[in-house]
Amino acid sequence: MNAIKRFGSAMIVPVLMFAFFGIVLGFATLFKNPTIMGGLADQHTFWFKFWSVIESGGWVIFNHMEIVFVVGLPLSLAKKAPGHAALAALMGYLMFNTFINAILTQWPHTFGANLKKGVENVTGLKAIAGIETLDTNILGAIIISGIITWIHNRYYSKRLPEMLGVFQGLTFVVTISFFVMLPIAAITCVVWPTIQHGIASIQHFIIASGYVGVWLYHFLERVLIPTGLHHFIYAPIEVGPVVVNHGLKAEWLQHLNQFAESSKPLKEQFHYGFMLQGNGKVFGCLGIALAMYSTTPKENRKKVAALLIPATLTAVVAGITEPLEFTFLFIAPYLFVIHAILAATMDTLMYAFGVVGNMGGGVLDFLATNWIPLGKDHWMTYVAQVVIGFIFVGIYFFLFRFLILKFDIPLPGRKKGTEEVKLFSKQDYKDKKGGTASSEQPKSTGNEYDDKAAYYLKGLGGKENIKDVTNCTTRLRLTVNDESKVQDSSYFTHNQMAHGLVKSGKSVQVVVGMSVPQVREAFEHLVYEEEK
């Protein structure tokens, strides 16, 4: 399970870039739409040609998803020298596809894939980095990248005899990968058609599940956030081949102009009710924040507002919800389950009213790839979305307010007096009740990332206790050798050094925030500085 969590967190590295490129495509579509821009959007104008160039750049990540995942995963999964691991993974993936190309060329009838017909004319084939090969999509990229990263972690530091010293490190990893990729390519040629058939069956099942499938997707995507396994729910659907071969996100963006030019209901043009989880982030988090604020004693409301406003804006605008959600998740986990149920119900209801699209993030996603490009002919759909959204803001507000007051949930600032108001965890609250003193914060180095890295390392039991480290969007994820050496949550949330701590055996997650990549880099420098 720890390996699965670690792998899931690594998925977020390439996935994070999809939002930016999606926004680029959204604006390019908007500015090329003649019904909105008029004569400016004529195909012969400089304006149209300029935005066509911008649009071509926006498609880079979607047209080369396999390469992005192959290179992106080792950056998180490699225990040492992640740059070398990424290059080894790229080389291995190119060898894998080159071997497939050679096998299909030599024995076209054996495997039922004749490359001479052209990959564009044969289902299941694709040109990847100029190599005509089987279309294994990101699934193949992830598997190959994972295998080579494992080879890297195991053999990168292996010392060879002096006469073979030139082959150590990266070259040794690539050499081993060469001999591993050949049989894997041959096996892929044999088994991949069956796997493709299985994926097609899953596609039919998910699509046929209707509203039940939509509700389950959004419920699981939200409720699995504490475990880090939510990446396995949305990534295969949004950027993987589970529903459509190239992922729903690319499918939506590819047809955005077509949707904008048609007055047919969006649900008739795009039949899928997934990628709506951003509504729970925008409307749900707003209702939760209002409930938290309204249940705070008046003398503490200014302090609580100073914490809630940036956390809520981060959730609503960018779709990053951990700083807000982890506050009540730690203190009252059942509130988080209710949040997941409400969010899934809201998304499903919106889908019933015809709301579809690329709405996995925050308001930025809503505007760039939905409301602005499509608002002219589909504004009633978005009115329905907003109306339903604000109805649920009210439901969230009154339900959370009732539960907070009914069970006297000790959220930040709810005690009268001069208590320290901060976003803290369940263990932090228990420690304060028991009178446990917080650990002293070490002297500052003047660099926020270095300070946090050193502080976390001390609380995690020192470098000898660190087995491996990676990160997702907001969390530093680690495997420790001895979990008993890890300090409790109050240590990490002291002076808001972190938003919280999640422990599951030897698997530990420090909730850092959006600066987690920089903190991880500083942390790894401290852990591996002696070895380097």
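Ser 504 has Ser 507, in strand β6, as its bridge partner. This pair belongs to a predicted model, and it is a convenient place to start.

The two strands around it are β5 and β6, the latter covering residues 507–511. They pair in the antiparallel sense, over 5 bridges. Both strands are part of an open sheet of 4 strands, whose order is β3-β4-β6-β5 and whose pairing is antiparallel. At the edges of this sheet stand β3 (466–471) and β5 (500–504); each has a single partner strand, so one side of each is left without a neighbour in the sheet. From one strand to the next, the twist averages 20 degrees.

A helix accompanies the sheet. Helix α23, made of residues 516–528, packs on the sheet and touches β3 and β4 (475–480). The direction of α23 makes about 160 degrees with that of β3.

Earlier in the numbering, two helices pack against each other: α15 (residues 278–294) and α18 (residues 333–352). Their axes are 10 Å apart, and the packing angle is about 130 degrees. Angles over 145 degrees count as roughly antiparallel and those from 65 to 115 as roughly perpendicular, and α15 and α18 are therefore oblique to each other. The crossing in which α15 passes α18 is right-handed.

Which residues of the two helices meet? From α15 come Asn 279, Gly 280, Phe 283, Gly 284 and Ile 288, and from α18 come His 339, Ala 343, Met 346, Asp 347 and Met 350. Sorted by character, the residues of this contact between α15 and α18 are 5 nonpolar, 4 polar and 1 charged.

Methods
Residues are numbered from 1 along each chain as its sequence is written. This is a predicted model: local features need pLDDT of at least 70, side-chain atom pairs count only at pLDDT 80 or more; totals for chains, interfaces and linings use all residues. Side-chain values use heavy atoms; hydrogens and water are left out. Axes are lines fitted to C-alpha atoms, for helices over the stretch in contact, and angles run from 0 to 180 degrees between N-to-C directions. Angles under 35 degrees count as roughly parallel, over 145 as roughly antiparallel, 65 to 115 as roughly perpendicular and the rest as oblique. A crossing is left-handed if the near helix is turned anticlockwise from the far one by less than a right angle, and right-handed if clockwise. Contact means heavy atoms within 4.5 Å. Ala, Val, Leu, Ile, Met, Phe, Trp, Tyr, Cys and Pro count as nonpolar, Asp, Glu, Lys and Arg as charged, and the others, Gly among them, as polar. Two strands pair if DSSP finds at least two bridges between them.
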